[in-house]
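This report describes one protein chain and the ligand bound to it. Please keep the sequence and the structure in view while reading.

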Amino acid sequence: MKQKKIKSILESNAIDKKCSVQGWVRTFRANRFLALNDGSTIENLQCVLDFEKLDDSFLKQINTGAAIKLSGILSESLGSGQKVELQVSNLKILGSSDPELYPIQPKRHSLEFLREKAHLRVRTATFSAVMRIRSALSFAVHQFFQQEGFFYINTPIITGNDAEGAGEMFRVSTLDLKNPPKDEIGNPDFKQDFFGKETNLTVSGQLEAEAYALGLGDVYTFGPTFRAENSNTSRHLAEFWMIEPEMAFYDLNDNMDLAEKFITSVLKNVLESCKKDLKFLDERFAKEESSKPVKERSSMGLIQKIEFVIKNDYRRVSYTEAIDILRNSKPNKKKKFKYPVNEWGIDLQSEHERFLVEKHFNCPVILYDYPANIKAFYMRRSDDGKTVRAMDILFPGIGEIVGGSQREERLDVLKERIKEMDINADELWWYLDLRKFGSVPHSGFGLGFERLVQFITGMGNIRDVIPFPRTPQNAAF
Ligand code: 4AD
Ligand code: MG
């Protein structure tokens with residue numbers, strides 16, 4: 001008999017048909033009613049064990065978490081919320097599960113507890129829903145760019161350059177840490193290392209994507225990136241996935257338009273393709289919110305929030321305007337910000353971003369034209385000499401979800417910036433070449449994939465939207 005996934009059984013409504021399924025026991029009641037889940041859908045298949053008699057030792061093996069194979073006849077379900085249930089005529093235990101030891105019991109577990117059981121947490125309704133949405137979302141990302149005529153490129157994971165210039169990189173080396181070869185002045189001699197030079201895990205594929213945009217036109221990357229920043233927050237991972245489109249002949253406005261269109265498209269796609277998982281997470285979100293103090297509660301439900309972002313244009317506000325708003329804001333005047341806003345030029349903290357998005361504008365915001373000295377070297381300098389053509393997209397509850405810019409395409413200006421910022425130009429010779437041969441205006445942005453998954457699933461902590469999170473002091477699994 002052909003094996004079927006529970007999703008297709010529930011969708012097909014095949015009453016009186018024979019059927020065989022395999023999955024994991026979620027609950028088993030009264031030695032008779034079994035809820036089976038195989039990961040294909042949030043819903044369990046209700047199964048009724050109607051054997052004359054089952055011996056005790058066999059029944060004892062049917063525990064939460066055990067893997068079983070069932071076959072029988074589908075019948076109309078009278079009780080539960082489902083249309084069909086399986087009248088079981090045959091049951092085989094594939095993998096037993098000791099109820100004393102299996103940590104995922106049919107009760108509410110805290111997310112913190114489940115993080116320690118990251119290898120088993122996908123067997124809960126919440127995590128399976130999040131991970132199915134994550135999968136649908138990655139597919140939607142590729143679909144969007146492919147439909148728009150972009151080419152998917154893979155940029156190196158091991159690299160010698162620090163694209164963001166923040167120096168937050170993980171070293172890649174095969175040198176013996178205890179006894180590295182030394183150079184003339186006593187430092188580790190990286191000439192003797194695997195690549196004959198210092199290398200790191202990449203913080204961004206942007207610089208290489210630029211090279212490809214200036215040949216293929218419109219490209220995107222979607223790959224892992226690594227940052228050794230010691231940020232123990234609910235929005236930072238040391239290993240995260242980033243989507244980086246890069247477009248030749250785009251200016252900053254084209255860049256913003258594309259980013260909005262892209263986010264709208266993937267949100268719509270997932271609203272349509274993950275209805276059941278989203279409904280479940282919407283209810284979960286409502287429960288979570290109701291347990292918070294009234295002041296901190298989200299004013300919208302999860303699905304409502306997604307629909308709101310789809311329907312409304314983002315507010316585009318220059319950094320300078322934002323500083324004015326913040327300077328004159330109530331929390332600033334009442335000294336409620338941890339970092340007071342006094343002068344033009346400061347880097348915005350997440351408390352400021354949240355004020356703008358969640359209190360002042362109450363919608364997603366694109367901040368643009370930032371001061372040059374708080375942004376990366378590759379951003380295009382504006383005529384005012386003070387700002388660069390940068391843009392950040394800020395989302396409610398998330399903060400920065402996208403960072404992007406128009407790139408500096410003028411060789412002399414770029415060289416000057418590199419010098420000003422004291423960046424080692426040796427590694428960037430090829431990047432400068434791009435400005436010598438057929439340079440054109442171009443732009444791009446990076447979207448943190450996990451932050452988008454957080455927004456759609458309503459999960460408060462970024463550690464709960466990636467299978468095995470890497471954060472400071474934590475690389476288990
Ligand atoms: O703003 P960032 O640093 O921009 C870049 O890396 C550019 N090279 C992108 C480009 O223009 N091609 O990072 C982009 C996005 C952020 O807006 C945020 O969503 C996410 O990446 N991000 C992180 N997500 C999770 N954990 C971290 N530690 C992150 N750091 C950045
Ligand atoms: Mg940024």
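## Overall architecture

The chain contains 14 helices and 16 strands. The model is a predicted one, and every value below was computed from it. Along the principal axes, the C-alpha atoms fill a box of roughly 85 × 60 × 45 Å. The chain has 477 residues, of which 50% count as buried.

## The surroundings of ligand 1

Ligand 1 is surrounded by 24 residues, and the closest are Glu-164, Gln-206, Arg-227, Glu-244 and Glu-400. By character, this shell divides into eight nonpolar, eight polar and eight charged residues. Three strands each supply at least two residues of the shell: strand 11 (239-248), strand 15 (399-406) and strand 16 (442-448). Strand 15 gives the most, with five residues.

Several atoms of the protein can be paired with atoms of the ligand. A nitrogen atom of ligand 1 lies 2.6 Å from a polar side-chain atom of Glu-164. In the case of Leu-237, a backbone N or O atom is 3.0 Å from a nitrogen atom of ligand 1. Glu-400 brings an N or O atom of its side chain to 2.6 Å from an oxygen atom of the ligand. Taken alone, ligand 1 exposes 630 Å², and the protein buries 93% of that area.

## Buried and exposed nonpolar residues

Is Leu-258 buried or exposed? Leu-258 has a relative accessible area of 5%, and therefore it is buried. This residue lies in helix 6 (residues 252-273). Its C-alpha atom is separated by 9.3 Å from that of Gly-444, although the two residues are 186 residues apart along the chain.

Other nonpolar residues appear on the surface. Ile-157, Ile-158, Phe-194 and Phe-195 form a nonpolar patch there, with about 390 Å² of accessible area together. Phe-195 is placed in the loop between strand 8 (171-172) and strand 9 (199-201). Because its relative accessible area is 41%, Phe-195 is classed as partly exposed.

## Salt bridges

The count of salt bridges comes to 27. One of them joins Lys-7 to Glu-11, with the closest N and O atoms 3.5 Å apart. Lys-7 and Glu-11 are four residues apart in helix 1 (residues 6-12), so about one helical turn separates them. Lys-7 is partly exposed, with a relative accessible area of 40%, whereas Glu-11 counts as exposed at 54% relative accessibility.

A second salt bridge is formed by Lys-375 and Asp-392, whose closest N and O atoms are 3.2 Å apart. This pair links distant parts of the chain, 17 residues apart: Lys-375 is in the loop between strand 13 (365-371) and strand 14 (387-395), while Asp-392 is in strand 14. Lys-375 counts as buried at 16% relative accessibility, and Asp-392 is buried with a relative accessible area of 5%.

Arg-410 and Glu-408 form a further salt bridge, in which the closest N and O atoms are 2.7 Å apart. Arg-410 counts as partly exposed because its relative accessibility is 25%. Glu-408 is buried, with a relative accessible area of 0%. In addition, salt bridges that share partners join Glu-210, Glu-246, Arg-407 and Arg-435 into one network.

## Backbone angles in two loops

Most residues other than glycine have a negative phi. Which values of phi are found for Phe-249 and Lys-335? Phe-249 is not a glycine, yet its phi is positive, at about 70 degrees. This residue lies in the loop between strand 11 and helix 6. At 63% relative accessibility, Phe-249 counts as exposed.

Lys-335 likewise has a positive phi, near 55 degrees, in a residue other than glycine. The loop that holds Lys-335 runs between helix 10 (330-333) and helix 11 (350-361). Lys-335 counts as exposed, because its relative accessibility is 73%.

Technical notes:
Residues numbered from 1 in each chain as written. Chains lettered and ligands numbered in written order. Predicted model: local features only at pLDDT ≥ 70, side-chain atom pairs only at ≥ 80, totals over all residues. Heavy atoms only, no water. Near = heavy atom within 4 Å. Polar contact = N/O pair within 3.5 Å; in protein donor to acceptor, adjacent residues only side chain to side chain. Areas by Shrake-Rupley, 256 points an atom, 1.4 Å probe, with all protein chains shown as cover. Nonpolar A, V, L, I, M, F, W, Y, C, P; charged D, E, K, R; others polar. Patch = residues over 30% accessible without salt bridge, like charges linked within 9 Å, V, L, I, M, F, W, Y side chains within 5 Å. Salt bridge = Lys/Arg side-chain N within 4 Å of Asp/Glu carboxyl O. Buried < 20%, exposed > 50% of the residue type's maximum accessible area, 1.4 Å probe, protein only.
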